[in-house]
Each structure stands twice: as C-alpha cells, then as structure tokens.
Amino acid sequence: MVIYVDGRQVAQHRRSYTPADVVLDPAHARLLRLARQARTRLVAADADIPEVDLACYDALIEEAC
C-alpha cells in the first residue's frame, strides 16, 4: 500500500487484511517508544531549580533611579 499526500508519496507499507491490524515501520515504532519514554520522564521529573539571590538586581535598579 502506498500513501500519497498532495501527490507526494509519504509512506509505503505491506497491506494487512487482518481486521484492526496496525502496520508500523520498526524505525517509527522505536521513535514513538523513545518519545513516550521521554514524556514520561519529563512529567515525572521534579526540577531542582536553585533559589536566586535578587539583591544584586535590586542594587542595580536603585543605582539607575
């Protein structure tokens, strides 16, 4: 089976005659798995953001005024 979008071939896969079967390119499957893993890690991660001392910025603003 060949899939075209706007006259340009975007995919080519074996056709499956099994109902509800999904034909997936192994490279696409790997990228999909990696993307899902990255999203899971991102959602679960607790970002450690250090507190910033803004006193130096306050001093700069006072000098400008």
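## A hairpin, two helices and the loops that join them

R14 sits in the loop that runs between strand 2 and helix 1. With a relative accessibility of 69%, R14 counts as exposed, because the cut-off for that label is over 50%. Its C-alpha atom is 9.9 Å from that of D25, a residue 11 places away along the chain. Keep in mind that this is a predicted model.

Now for the overall layout. The protein has 2 helices and 2 strands, and in sequence order they read β-β-α-α. Of the 65 residues, 0% are buried. That figure rests on a cut-off of under 20% relative accessible area. The accessible surface adds up to about 6600 Å², and carbon and sulfur atoms account for 56% of that area.

**The hairpin**

Strand 1 covers residues 2-5 and strand 2 covers residues 8-12; the two pair in the antiparallel sense, over 4 bridges. V5 has R8 of strand 2 as its bridge partner. There are 2 residues between the strands of this hairpin, and D6 takes a positive phi there, near 50 degrees. Most residues other than glycine have a negative phi. D6 is in the loop between strand 1 and strand 2, and its relative accessibility of 80% is why D6 counts as exposed.

What makes up the nonpolar surface patch of about 330 Å²? The residues are M1, I3, V5 and V10. M1 belongs to the segment before strand 1, while V5 is the residue already met as the bridge partner of R8.

**From strand 2 to helix 1**

R14 shares its loop with a few other residues worth a look. A20 is in the loop between strand 2 and helix 1, and its phi is positive, near 60 degrees, although A20 is not a glycine. A20 counts as exposed because its relative accessibility is 82%.

D21 is placed in the loop between strand 2 and helix 1 too. Is D21 exposed or partly exposed? Its relative accessible area is 43%, so D21 is partly exposed. Its side chain makes a polar contact with the side chain of S16, at 2.5 Å.

**Helix 1 and the way to helix 2**

D25 caps the N-terminal end of helix 1, with a side-chain oxygen 2.7 Å from the backbone nitrogen of A27. Helix 1 itself takes in residues 26-44. How does its length check out against 1.5 Å a residue? The 19 residues should span 27 Å, and the end C-alpha atoms are 27 Å apart, so the two values agree. An α-helix has 3.6 residues a turn, so residues three or four places apart point the same way.

Further along, D53 is in the loop between helix 1 and helix 2, the latter being residues 55-64. A polar atom of the D53 side chain lies 3.1 Å from the backbone nitrogen of A55. D53 has a relative accessibility of 57%, so it counts as exposed.

Here are the polar pairs discussed above, side by side:

| Side-chain partner | Other partner | Distance |
|---|---|---|
| D21 side chain | S16 side chain | 2.5 Å |
| D25 side-chain oxygen | A27 backbone nitrogen | 2.7 Å |
| D53 side-chain polar atom | A55 backbone nitrogen | 3.1 Å |

Notes:
Residues are numbered from 1 along each chain as its sequence is written. This is a predicted model: local features need pLDDT of at least 70, side-chain atom pairs count only at pLDDT 80 or more; totals for chains, interfaces and linings use all residues. Side-chain values use heavy atoms; hydrogens and water are left out. Buried means under 20% relative accessible area, exposed over 50%, partly exposed in between (1.4 Å probe, protein chains only). Accessible areas come from the Shrake-Rupley method with a 1.4 Å probe; for residues, only the protein chains shown count as cover. Two strands pair if DSSP finds at least two bridges between them. The expected span of a helix is 1.5 Å times one less than its number of residues. A polar contact is a pair of N or O atoms within 3.5 Å; within protein, one must be able to donate a hydrogen and the other to accept it, and residues adjacent in sequence count only if both atoms are side-chain atoms. Patches are made of residues with over 30% relative accessible area and no salt bridge: like charges are joined within 9 Å, nonpolar side chains (Val, Leu, Ile, Met, Phe, Trp, Tyr) within 5 Å. A salt bridge is a side-chain nitrogen of Lys or Arg within 4 Å of a carboxyl oxygen of Asp or Glu.
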